[in-house]
Amino acid sequence: MTSPAFPIPFARTATQPGSEPDRGFDTHLALAVQGDERGFERIYRAHVGRIYALALRLADNAGHAEELTQDVFVRTWERLASFRGESSFSTWLHRLAVNVILSDRRSAWRRTRRISADGEVAELEPDSRAPTPGLRLDLDQCIAGLPPGARTVFVLHDVEGYEHAEIAAIAGIAVGTSKAQLFRARRLLREALDR
Amino acid sequence: MNCEMIHDRFDSKQAGTLDPAEREAFELHLAGCADCWADLEASRFLAARTADLRREITPPTDLWTGIAPRLQPRTRRLTLPVGWLAAAAVLLVAGTSALTVLLVRRPAAEAPTGFAATEARYQEATLELATVYRQARDSLAPATRVVLERNLAVIERALGEARDALRADPANRAIEEMVVAAYQRKIAFLERAAALDRKT
Amino acid sequence: MRPLWTGLAIALLGAGPAAAQRTTVKGFPVAPDVTLRIQNLVGVTRVTGWDHDSIAVTAVIPAGGGGFYGGGRDRFAKMGIEGQDPSLTGPGSELDVHVPRGARVWVKSGSANVELTGLSAEVEVTSLTGSIRLDGAPRVATLETIDGDLTITGAATVIRARTGSGAVRIRGARADISISTIQGPVVLASDELLSARIETVSGRVEVRAGMQPDGLLEIQAHDGEVFLSMPSAIDARFDLSTLKGILASRVTGQGSIPAGARSARFAVGKKAGAGRGAGITVRTFSGSIQVDSNLRPE
């Protein structure tokens, strides 16, 4: 049996012919572009799993990932009119999600200001140390322990299939830095998984 | 072949696409470099495990309840542009009380390509944010407005200089990166400024 | 959830409507990893970590300067001065807060200066013109101001520092540093940088640092000048380029860059020569770049 090739970029398989959802999805997309929330909800339900997985691996904790996922879809709704169809919708959405997550500068202060808008003082995020459903305890936990820069590049390159040039443009780093961060991440993960 | 060049060829090595001379140089380097051996081994070790990672994870709660209230209503409209090419996809959808003609794809010929496309996206994002910022700015204290405008002027000057340089040397990738960085800086600043509340 | 701070000890200094107001809360029990939000727009806010699982706060508010509020329990609490007029001239309110060292602290300011000491978890501060001073080693520090200065001393693990015109001075940090200014100058001093990214439009950037073996330093400036001073034993790959500025390098083991050159890529040291070692990248539009290896240990 041949050794497995490097991770198949998920983004590429998702754009192969026939991989988009059926004509029903196009209908929902068309409705959503025109402002129909039910159509947009279908789009949300079709894509939330993928966006949440991305957010979970890039965010600080599960609560933060949930908030980022919601932010992604709100931004998607606002930007739907600018989807030109040059790429598949899932590719466009994924790129938008990466931008939203990486440029998340929203302070916890502003987050909690919404929570307390009605005067209630509420708990913030759930315990980030608790095991998160859906994550493998080995590699995903090790990814969560990577330094932020290395984690971002590893997730985008090895997990999500982005090229270094794309990562450099999105993250605002040099291509050489992206490559260096990737190899650092792989070394650190190898060491962590060995323990 | 040095370590950096070896790293750049990992994927090609795995895919078996190195030419014979490169493959020989690659293996010669590996024979004498413990660090690159370790890197290659780490990459192979991780490849299968990474491929097994789930790319879709269902959130533990239904996040739609936190999304729907934040969606600003948009008006439905009939869109009947003139002069669309046959490549456009036209869908007929039966609404509750009317037929709605929807167009979801524009012909590729209308879309800018290359860096022009990138810059168009940044300009669009900047314009949207600038509108939000101006509305927020008008409700801020005068001293705050002065502080914001002073900093924004510096950012815009730098963006203008970078764009001028790119116009003079359109194929220069380094200048393209500088233009992108300048747009990102402007967007980040406008987002911060727009988020300041009336108390400041 | 009602505010549960009962038994506040409130004492008035002096008498009459023109008197300042002092409010004190002592020994309010909270979890060691309490999340605490603090707001004081005008004046000064001091947050100090201590080895008690409780919060103590003293607020001194000038006449007409608003009122103190506070509430919460267990793992979440908030406090601050409400009803402030941001255009108020004068000293503003003084807020002195002691919290468990492991508290996650968020502070909002307008022109109030903020000082934080002895915290080990997460710190996040936003201000408009107030300066921010952080001493100690929190795990994550996110500090943002438009016009105030930022001064960070100590080995925080992750630092995100942003100003507009204010200066950024960071000393002693090593791990994951991200600095952004518009025209504020930057001074970064460290014995061993692991990962640092600095971007500015017009700020003057000065880095006096050694690098960890696989450290990364990335600097991007428009017309701000960049000065790098590194130890003579530096082992790193340098990638320097400017579109219109002047490039000068006096790094041991590397010949000088020809006059008029706009870019230089070279490796100094054994690992760097083999394509490894630390990586240093500097890009400017028109700001000059000057690199030397004359840094002496302090």
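**Exercises on a predicted model**

In this predicted model, Gln181(A) touches five residues beyond its neighbours within four places in sequence: Gly149(A), Ala150(A) and Val153(A), together with Ser195(C) and Leu216(C).

**Exercise 1.** Determine where Gln181(A) lies in chain A and whether the residue is buried or exposed.

*Solution.* Begin with the secondary structure: Gln181(A) belongs to helix α10 of chain A, which covers residues 175-194. Next, consider the accessible area. The relative value for Gln181(A) is 5%, and the limit for a buried residue is under 20%. Gln181(A) is therefore buried.

**Exercise 2.** State the distance that separates the C-alpha atoms of Gln181(A) and Arg151(A).

*Solution.* Along the chain, the two residues are 30 residues apart. In space, their C-alpha atoms are separated by 8.2 Å.

**Exercise 3.** Describe the interface between chain C and chain B in terms of contacts, buried area and polar interactions.

*Solution.* First, the contacts: 30 residues of chain C meet 31 residues of chain B. Second, the area: the two chains bury about 2,600 Å² between them, with 58% of it on carbon and sulfur atoms. Third, the charged pairs: there are 7 salt bridges between chain C and chain B. One of these joins the side chains of Arg276(C) and Asp39(B), at 2.7 Å from N to O. Fourth, the polar contacts: 11 residue pairs are counted between chain C and chain B, both residues at pLDDT 80 or more.

Finally, examine the side of chain C that touches chain B. The elements giving two or more residues to this side are β13 (140-145) and β18 (186-200) of chain C. By class, this side holds 9 nonpolar, 13 polar and 8 charged residues.

Terms used
Residues numbered from 1 in each chain as written. Chains lettered and ligands numbered in written order. Predicted model: local features only at pLDDT ≥ 70, side-chain atom pairs only at ≥ 80, totals over all residues. Heavy atoms only, no water. Helix = DSSP H or I, 4+ residues; strand = E, 2+ residues; numbered from the N terminus. Buried < 20%, exposed > 50% of the residue type's maximum accessible area, 1.4 Å probe, protein only. Contact = heavy atoms within 4.5 Å. Buried area = accessible area lost by both parts, 1.4 Å probe. Salt bridge = Lys/Arg side-chain N within 4 Å of Asp/Glu carboxyl O. Polar contact = N/O pair within 3.5 Å; in protein donor to acceptor, adjacent residues only side chain to side chain. Nonpolar A, V, L, I, M, F, W, Y, C, P; charged D, E, K, R; others polar.
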